[in-house]
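Reader: Please take a single part of this model and go through it closely, residue by residue where that helps. Then set that part against the rest of the chain.

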Amino acid sequence: MKLPEIRAEDNATTVTQFLLLGFSDLPNLQGFLFGMFSIIYIIILIGNSFIIVITRIDPALQKPMYFFLANFSSLEICYVSVTLPRILFNIAAQDRHISVLRCATQMCFFLILGATECFLLAVMSYDRYVAICNPLHYPLVMNPTKCTQLAAGSWLGGIPVQIGQTCQIFSLHFCNSNKINHFFCDIPPILKLACGDTSINELSVYLVAILFAAVPFMLILASYSKIIATILKLPTATGRAKAFSTCSSHLLVVFLFFGSATVTYLRPKSNHSPGTDKLFSLFYTIVTPMLNPLIYSLRNKEVIAALRKLLPIK
């Protein structure tokens with residue numbers, strides 16, 4: 001009885017690379033997928049870069065709200081660059097192999113940037129809360145030093161925990177298979193390849209998800225409950241409409257990101273299916289970063305005015 005266990009252990013220790021299956025089950029659509037993902041990547045880079053540029057050069061956008069928006073756009077570029085270039089390489093080269101080290105590195109950066117997005121969305125909601133609920137104290141509370149500290153905390157806050165979680169997952173032995181039925185190295189498909197009981201690792205994933213996703217989301221909901229209550233007390237319809245317009249874009253992004261990410265990471269391992277995981281992952285890793293520039297620009301008059309100054313738009 002001991003001999004098969006030793007052999008399984010030996011096989012597990014010799015795994016040096018994984019196979020990212022990605023969209024290999026759609027052989028006739030490889031060219032279409034490469035073109036579509038290339039266009040999406042270009043749209044994300046251009047759209048978010050425009051947001052960064054106009055918030056830097058336009059004097060009317062030198063406000064905390066747009067400082068955080070520029071950080072958010074920078075984050076989206078980094079976030080999507082962890083996964084999309086690899087997808088394009090796999091489709092173009094038809095080489096789906098990835099070393100264990102590169103897989104771990106991709107997962108680590110993806111988790112760190114995901115935590116940053118959760119924190120930054122919470123910070124942006126706090127900024128709107130102070131601006132609407134305490135407008136007289138807004139310049140004092142959201143001063144440049146405080147804004148820089150909040151942004152730095154958002155970028156750096158998840159690094160230690162996510163590095164630890166990545167090390168914990170890749171310290172497991174992989175003996176079931178080396179085929180990852182996903183388009184990048186994400187936690188659920190990696191755990192499926194692990195030998196033995198992974199319940200401790202699943203519990204760790206849930207706890208980290210609660211810390212980095214559920215807690216910020218609850219803070220966002222608390223902020224917006226007070227924001228909405230304050231807006232409804234405004235005496236004029238014009239004032240209420242203006243206040244809602246500054247918050248609606250952010251709230252839409254919050255629900256798009258947290259909704260799809262929560263379904264992915266807070267479901268039990270037994271309920272995960274490759275098709276569903278890919279669909280939700282596509283949504284929060286690629287679709288949401290593509291939509292963000294449109295959401296924030298088309299629903300914000302100050303951003304539209306800045307774009308008209310920068311571009312020859314009549």
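Author: The part chosen here is a packing of two helices: F50, I51, V53, I54 and I57 in helix 2 meet V303, A306, L307 and L310 in helix 13. Contact is used here for heavy atoms within 4.5 Å, and helices (H or I, at least four residues) and strands (E, at least two) are DSSP runs, numbered from the N terminus. By class, this contact between helix 2 and helix 13 holds nine nonpolar residues and no polar or charged ones. In that classification Ala, Val, Leu, Ile, Met, Phe, Trp, Tyr, Cys and Pro are nonpolar, Asp, Glu, Lys and Arg are charged, and the others, Gly among them, are polar.

The model is predicted, with pLDDT of at least 70 needed for local features and 80 or more for side-chain atom pairs, while totals for chains, interfaces and linings use all residues. Residues are numbered from 1 along each chain as its sequence is written, and side-chain values use heavy atoms, with hydrogens and water left out.

Two packed helices are described by the angle between their axes and the distance between the axes. Helix 2 covers residues 30–57 and helix 13 residues 301–310; their axes come within 10 Å and cross at roughly 90 degrees. An axis is a line fitted to C-alpha atoms, for helices over the stretch in contact, and the angle runs from 0 to 180 degrees between N-to-C directions. Helix 2 and helix 13 are therefore roughly perpendicular to each other. The cut-offs are under 35 degrees for roughly parallel, over 145 for roughly antiparallel, 65 to 115 for roughly perpendicular, and oblique for the rest.

Within this packing, I57 of helix 2 can be followed on its own. Apart from residues up to four places away in sequence, I57 touches Q62 and L310. The C-alpha atoms of I57 and L310 are 9.3 Å apart, although 253 residues separate the two in sequence. I57 nevertheless counts as exposed, because its relative accessibility is 54%. Buried means under 20% relative accessible area, exposed over 50%, and partly exposed in between (1.4 Å probe, protein chains only).

For contrast, take two residues of helix 5, which spans residues 100–133. T116 has its place in that helix and is buried, with a relative accessible area of 0%. Its contacts, leaving aside neighbours within four places in sequence, are L75, S154 and W155. C118, also placed in helix 5, counts as buried at 6% relative accessibility. With residues up to four places away set aside, C118 touches F212, A213, P216, F257 and F258. C118 and I220 are 102 residues apart in sequence, and their C-alpha atoms are 9.9 Å apart. L219, in helix 10 (residues 199–232), counts as exposed at 51% relative accessibility. Its C-alpha atom is 8.4 Å from that of Y126, which is 93 residues away along the chain.

The strands form a separate element of the model. Three strands make an open sheet in the order 2-1-3, with mixed pairing. Strand 2 and strand 3 stand at the edges with a single partner each, so one side of each has no neighbour in the sheet. Strands pair if DSSP finds at least two bridges between them. Strand 1 (residues 17–20) and strand 2 run antiparallel and are joined by three bridges; Q17 stands opposite S99, and F18 opposite I98. Strand 1 and strand 3 (residues 179–180) run parallel and are joined by two bridges, with L19 opposite K179.

Over the protein chain there are 13 helices and three strands. Buried residues make up 46% of its 314 residues. Among contacts between residues at least 6 apart in sequence, 78% join residues at least 24 apart.

As for confidence, the protein chain averages a pLDDT of 85, and 89% of the residues score at least 70. pLDDT is the predictor's confidence in each residue, from 0 to 100. The mean is highest in helix 7 (residues 144–156), at 96, and lowest in helix 1 (residues 2–13), at 42. Residues 1–13 have a pLDDT below 50, and this stretch has seven contacts in the model beyond near neighbours in sequence. Where pLDDT is low, the predicted coordinates should not be read in detail.
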